[in-house]
Amino acid sequence: MKKCRLGYIDVLKCLTIIFVVMGHIDSMQIGIDTYSTAWGSIRYTFQMPLFFFISGMFASHGIDKNIALHNLIWKKVKTLAWPAIIFYVLWSVADNGTIRFPYNGFGYYWFTFTLFECFLIYYAFAYFLKNKNMLNISLSIVSIVFVTMLALKIDHPDIGFLDLNHLTKYFQYFFIGTLFSLYPQAGDRILKNQKIYAFCIIGFCVLMYLIYTGMLSGAINSLCRDIVVRYMGLFIVFSFFYNIQELCNKENLFMRFVRYIGCHSLEIYLLHFFFLPTLMWLKPLREDSMFVIEFPIAIIISLVVICIILVLNIILTRSKYISSLLYGK
């Protein structure tokens, strides 16, 4: 088993990838819109921001080791951009037999391509701006510009494959992750502050109620739904697991399996689209009143899909050629 450095990070990645698979089961195989249920609305606030935040936490490792810029970029091309391309092609062939020009960050594989873009932006600034304050100011400006573009819904169809929508939406969390790694002591104080945690819990519940019941509308609703509650959700979930690190580092069978899933979350993301079962018979369970039935069914199916992928991944990665071809490793 691959031993990862921070147990709570791998537990978080495990939790998040399970929710991602569940979300795709709900949206793609059952037909449930993300915002049509309270559970979907809550899950959506933190699952993808967490992935970008965690990636940002470790973005500076290559820079700190004085690895050449072209080597850093090439590594991300192999492990993020290339898998996005290869799996986009494989999925296109499997789905409809045709390969179309990439759009929206390579379709379902927008996450890996958008993450590659985040690293590319970070490396471009970090390599030339050695002063940390200048780097942070510059990346803050980039984040503000992206958030403004998101709020104004600025996009350009001619460069749709760059997927500005997702880049403008998630780069801010990547940047916050880089700040956490730069100032760990300040981050530690914030994450352990019970007053901030309580405020976020209360604020999150109030805002989610207002959003879900339609009491907020227009620009205020978009601001709260797309930005405010996402920061609160990210803080609540990350803070919770940050403060139970000892539990996450337990060496029992369950925790080792959870961390193993977290270590292989990227491979699970890339492969899981091929294994989502048809679940049209679950459509009658779409309403929130059936959550107690729908949720356990979705999570059980998600875990089965993940276990199948983990076994398949072990088989595939026994060949270094296949591992290099699929994952750039």
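**A small-volume cavity and a surface patch**

Q: Which helix gives the largest share of the lining of the second largest cavity?
A: This is a predicted model, where local features need pLDDT of at least 70, side-chain atom pairs need 80 or more, and totals for chains, interfaces and linings use all residues. Residues count from 1 along each chain as written, and side-chain values use heavy atoms, without hydrogens or water. Helices are DSSP runs of H or I, at least four residues, numbered from the N terminus. Three lining residues come from one helix, α13.

Q: What is the volume of the second largest cavity?
A: A cavity is a set of points on a 1 Å grid over the protein atoms alone where a 1.4 Å probe fits but cannot get out. Points join across faces, edges and corners, and volume is the space filled by probe spheres set on them. The structure has two cavities of 30 Å³ or more. The second largest has about 30 Å³.

Q: Which residues line the second largest cavity?
A: Lining residues have an atom within 4 Å of a point. α4 (69-96) and α13 (265-272) each supply at least two. The set is Thr79, Pro83, Leu266, Glu267, Leu270, Tyr327 and Lys329.

Q: Which residues form the nonpolar patch on the surface?
A: Patch residues have over 30% relative accessible area (Shrake-Rupley, 1.4 Å probe, only the protein chains shown as cover). They make no salt bridge (Lys or Arg side-chain nitrogen within 4 Å of an Asp or Glu carboxyl oxygen), and nonpolar side chains (Val, Leu, Ile, Met, Phe, Trp, Tyr) join within 5 Å. Together the members expose about 400 Å²: Trp82, Ile85, Tyr321 and Leu325.

Definitions and conventions. On a 1 Å grid over the protein atoms alone, a cavity is a set of points where a 1.4 Å probe fits but cannot get out, and a pocket is an open set with protein on both sides within 12 Å along at least five of seven lines; lining residues have an atom within 4 Å of a point. Patches are made of residues with over 30% relative accessible area and no salt bridge: like charges are joined within 9 Å, nonpolar side chains (Val, Leu, Ile, Met, Phe, Trp, Tyr) within 5 Å.
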